[in-house]
Amino acid sequence: MQAWIHIPRLEVEGTLWFLADTGADRTTLMPVDGLLIEVNYEKLEDGSKKTASGIGGSSDSFTEEAFVLFADADDEVAYGYRIELAIIPPEDSNESIPSLLGRDIMKNWRIVFDQSENELIAHVRRSDHELSLN
């Protein structure tokens, strides 16, 4: 799913694609996208450092406040979420893994997977902000 993301403290933003992962507790910015929006990994603070565990194993992650915005299918309304974003620093083992859309955002949606049309449809039930794009 495509979204616009803004990380205020790191002064970065951009439009990225996220892989919807119902097994992920939190939305996670992976290095392939962090490098794309020019995250300065040296600015990440040790106080926000945690261990992220998943099917691929464990790695260090950092937490930053972020704003994530999704446009509806007709580009008429954008739905915004204020989250604690997990940021994974670059390592050889994670350089091609996509960023993950986690349950911290998806819990606000009703999601339908239509295999015959090969599409995932999210119906927003709740958001932190709603903006008209017209």
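User: What is the bridge partner of Ala20 in β7?

Analyst: That's Leu101. Keep in mind that we're looking at a predicted model here.

User: How do you know that β2 and β7 count as paired strands?

Analyst: Pairing takes at least two bridges. β2 and strand β7 (residues 99-101) are joined by 3 bridges, so they count as a pair. The two run parallel.

User: And what makes β1 and β2 a pair?

Analyst: Here 6 bridges join β1 to β2. At least two are needed, so this is a pair as well, and its strands run antiparallel. One of the contacts to look at is Ile7, whose bridge partner in β2 is Val12.

User: What sits between the two strands of that hairpin?

Analyst: There are 4 residues between β1 and β2, and in this hairpin Glu11 has a positive phi near 55°.

User: What makes the phi of Glu11 worth pointing out?

Analyst: Most residues other than glycine have a negative phi. Glu11 isn't a glycine, yet its phi is positive, about 55°. You'll find Glu11 in the loop between β1 (2-7) and β2 (12-20).

User: Why is Glu11 called exposed?

Analyst: Exposed means over 50% relative accessible area. Glu11 has 66% relative accessibility, so it counts as exposed.

User: Where else does a residue other than glycine have a positive phi?

Analyst: Asn118, with phi near 55°. Asn118 is in the loop between β8 and β9, a hairpin that has 4 residues between its strands.

User: Why is Asn118 called exposed?

Analyst: Its relative accessible area is 66%. The cut-off is over 50%, so Asn118 counts as exposed.

User: How do you know that β8 and β9 pair?

Analyst: Count the bridges: 6 of them join strand β8 (residues 109-114) to strand β9 (residues 119-124). At least two would do, so they pair. The strands run antiparallel, and Asp114 stands opposite Glu119 in β9.

User: Which residues make the nonpolar surface patch of about 260 Å²?

Analyst: Ile111, Phe113 and Leu120. Phe113 belongs to strand β8.

User: Let's turn to charges. What makes Glu64 and Arg9 a salt bridge?

Analyst: A side-chain nitrogen of Lys or Arg has to be within 4 Å of a carboxyl oxygen of Asp or Glu. For Glu64 and Arg9 the N to O distance is 2.6 Å, so the pair qualifies. The two are 55 residues apart, with Glu64 in strand β5 and Arg9 in the loop between β1 and β2.

User: Why is Glu64 called buried?

Analyst: Buried means under 20%. Glu64 has 5% relative accessibility, so it counts as buried. Arg9 has a relative accessible area of 35%, which falls between the two cut-offs of 20% and 50%, so Arg9 is partly exposed.

User: How many salt bridges are there altogether?

Analyst: The count comes to 3.

User: How do you know that Asp25 and Arg103 form one of them?

Analyst: Their N to O distance is 2.4 Å, and the limit is 4 Å, so they meet the rule. This pair links distant parts of the chain: Asp25 in the loop between β2 and β3 (28-29), Arg103 in helix α2 (residues 103-106), 78 residues apart.

User: What are the exposure classes of Asp25 and Arg103?

Analyst: Asp25, at 53%, is over the 50% cut-off and so exposed. Arg103, at 37%, lies between 20% and 50%, so it counts as partly exposed.

User: And what makes Glu65 and Arg82 a salt bridge?

Analyst: The closest N and O atoms are 2.7 Å apart, within 4 Å, so the pair passes. Glu65 sits in strand β5 and Arg82 in strand β6 (residues 77-87), 17 residues apart.

User: Why is Arg82 called partly exposed?

Analyst: Its relative accessible area is 49%, and exposed would take over 50%, so Arg82 stays partly exposed. Glu65, at 30%, also falls in between, so the label is partly exposed too.

User: Last one: which strand supplies the largest share of the lining of the second largest pocket?

Analyst: β9, with 5 residues. The pocket holds about 440 Å³ of space and has 18 lining residues, with Met1, Phe70, Ala71, Asp72 and Ala73 nearest its centre.

Terms used. Residues are numbered from 1 along each chain as its sequence is written. This is a predicted model: local features need pLDDT of at least 70, side-chain atom pairs count only at pLDDT 80 or more; totals for chains, interfaces and linings use all residues. Side-chain values use heavy atoms; hydrogens and water are left out. Buried means under 20% relative accessible area, exposed over 50%, partly exposed in between (1.4 Å probe, protein chains only). Patches are made of residues with over 30% relative accessible area and no salt bridge: like charges are joined within 9 Å, nonpolar side chains (Val, Leu, Ile, Met, Phe, Trp, Tyr) within 5 Å. Accessible areas come from the Shrake-Rupley method with a 1.4 Å probe; for residues, only the protein chains shown count as cover. On a 1 Å grid over the protein atoms alone, a cavity is a set of points where a 1.4 Å probe fits but cannot get out, and a pocket is an open set with protein on both sides within 12 Å along at least five of seven lines; lining residues have an atom within 4 Å of a point. Grid points are joined across faces, edges and corners, and a volume is the space filled by probe spheres set on the points.
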